[in-house]
Amino acid sequence: MSEKLLNIKNLHTRIEEKEILKGLDLEINKGEIHVIMGPNGAGKSTLAYTLMSHPKYEISEGEIIYEGENINALRADERAKKGIFLSFQYPEEIPGVTVDNFLRTSKATVTGEPVKMMSFRRELKEKMDLLKMDEEYARRYLNVGFSGGEKKKNEILQMAILKPKLAILDETDSGLDVDAIKVVAEGVKLLADGERAILIITHHNKILQYLEPDYVHVLVNGRIVKTGDMALARDIEVNGYEMFKESL
Ligand code: ADP
Ligand code: MG
């Protein structure tokens, strides 16, 4: 039997007094790939930010159980140390901080141990080759002047270096061409090794072709209203979210 990693029970989240998540339930076991789809404004990014403990998103009810522990009260940095990682829909540009420095510092912070320069360089090069990223990116300022696709690849690189137990990817495939989507999918697959789990939030089917998710969930109006497999994603591709409109 696979081990439970995340169990979200009846989650309600507010942003500035407005309730966005309205009783969301979701269970993720180690080794699984889950996909969340849903119309604009359904609360997908809100779920991602709530899982990462963004201060603007307040849990008013329900529980987030991670590795058997209620983590509702943990801060973002504490959750990151426990192996939760969020790839943002809109990565920030940070002038003055190079990609390699950022990654090395992140790794040291998350693991709580110093990261040796030589082995880090080697690992970085290996992961960048895998993601078909030019080595010069490592020396550029984080996301500054990066194309949409490069920013997303950079998020995947960060994930490959940090090796989180739970990776949440919010629209990591948007703005990517087909080749880049394949690369991102490969990066994601590398991580799905039986000990880790991945939650992908997406609008598109394209990345799903390469990922073979275990579950596809539909999020409408702050709740998961249906769970299925790839057939559900294909159905949505053809028919849109019309069939869930009674949930609105
Ligand atoms: P999705 O990612 O599914 O498109 P979001 O989670 O971004 O949806 O947004 C859900 C709802 O919450 C929307 O109505 C949006 O306007 C609102 N919302 C999201 N972020 C904020 C914020 N920082 N302040 C106020 N309202 C927000
Ligand atoms: Mg969103």
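Let's start at one residue, N143, which sits in the loop between β8 (141–142) and α5 (148–162). Before going further, keep in mind that this is a predicted model. Although N143 belongs to a loop, its relative accessible area is 2%, so N143 counts as buried, the cut-off being under 20%.

What does N143 touch, once residues up to four places away in sequence are set aside? Its partners are P91, E92, E93, K151 and N154. Two of these numbers, K151 and N154, fall within the span of α5 (148–162), the helix that follows the loop. Another residue to look for in this region is V99: 44 residues separate it from N143 along the chain, yet their C-alpha atoms are 8.0 Å apart.

From here, let's turn to the aromatic side chains. How many aromatic pairs does a search of the whole structure find? The search gives two. In one of them, Y49 and Y57 are stacked, with 5.2 Å from centre to centre and 25 degrees between the planes. Both partners, Y49 and Y57, are buried. The other pair brings together Y137 and F146 in an edge-to-face arrangement, with ring centres 5.3 Å apart and planes at 70 degrees. Here too, Y137 and F146 are both buried. If you have the model open, it is worth viewing the two pairs in turn, comparing the 25 degrees of the stacked rings with the 70 degrees of the edge-to-face rings.

Now step back to the whole chain. Its secondary structure consists of eight helices and twelve strands. The radius of gyration is 18 Å, close to the 18 Å expected from the globule rule for 248 residues, so the chain is as compact as a globular protein of that length. Measured out along the principal axes, its C-alpha trace spans about 55 × 40 × 40 Å.

How are contacts distributed along the sequence? Taking contacts between residues at least 6 apart, 69% join residues at least 24 apart. As for burial, 50% of the 248 residues count as buried; N143 is one of the buried residues, and so are Y49 and Y57.

Finally, consider the outside and the charges. The accessible surface of the chain amounts to about 12,100 Å², and carbon and sulfur atoms contribute 49% of that area. The chain carries 35 positive and 41 negative charges, and the mean positions of these two sets are 3 Å apart.

How values were computed: Residues are numbered from 1 along each chain as its sequence is written. Chains are lettered from A and ligands numbered from 1 in the order in which they are written. This is a predicted model: local features need pLDDT of at least 70, side-chain atom pairs count only at pLDDT 80 or more; totals for chains, interfaces and linings use all residues. Side-chain values use heavy atoms; hydrogens and water are left out. Rings of Phe, Tyr and Trp (its six-membered ring) pair if their centres lie within 6.5 Å; planes under 30 degrees apart count as stacked, over 60 as edge-to-face and the rest as tilted. Buried means under 20% relative accessible area, exposed over 50%, partly exposed in between (1.4 Å probe, protein chains only). Helices (H or I, at least four residues) and strands (E, at least two) are DSSP runs, numbered from the N terminus. The radius of gyration is taken over C-alpha atoms; the globule rule is 2.2 Å times the number of residues to the power 0.38. Contact means heavy atoms within 4.5 Å. Accessible areas come from the Shrake-Rupley method with a 1.4 Å probe; for residues, only the protein chains shown count as cover. Lys and Arg count as positive and Asp and Glu as negative; His and the chain ends are not counted. The place of a charge is taken as NZ of Lys, CZ of Arg, CG of Asp or CD of Glu.
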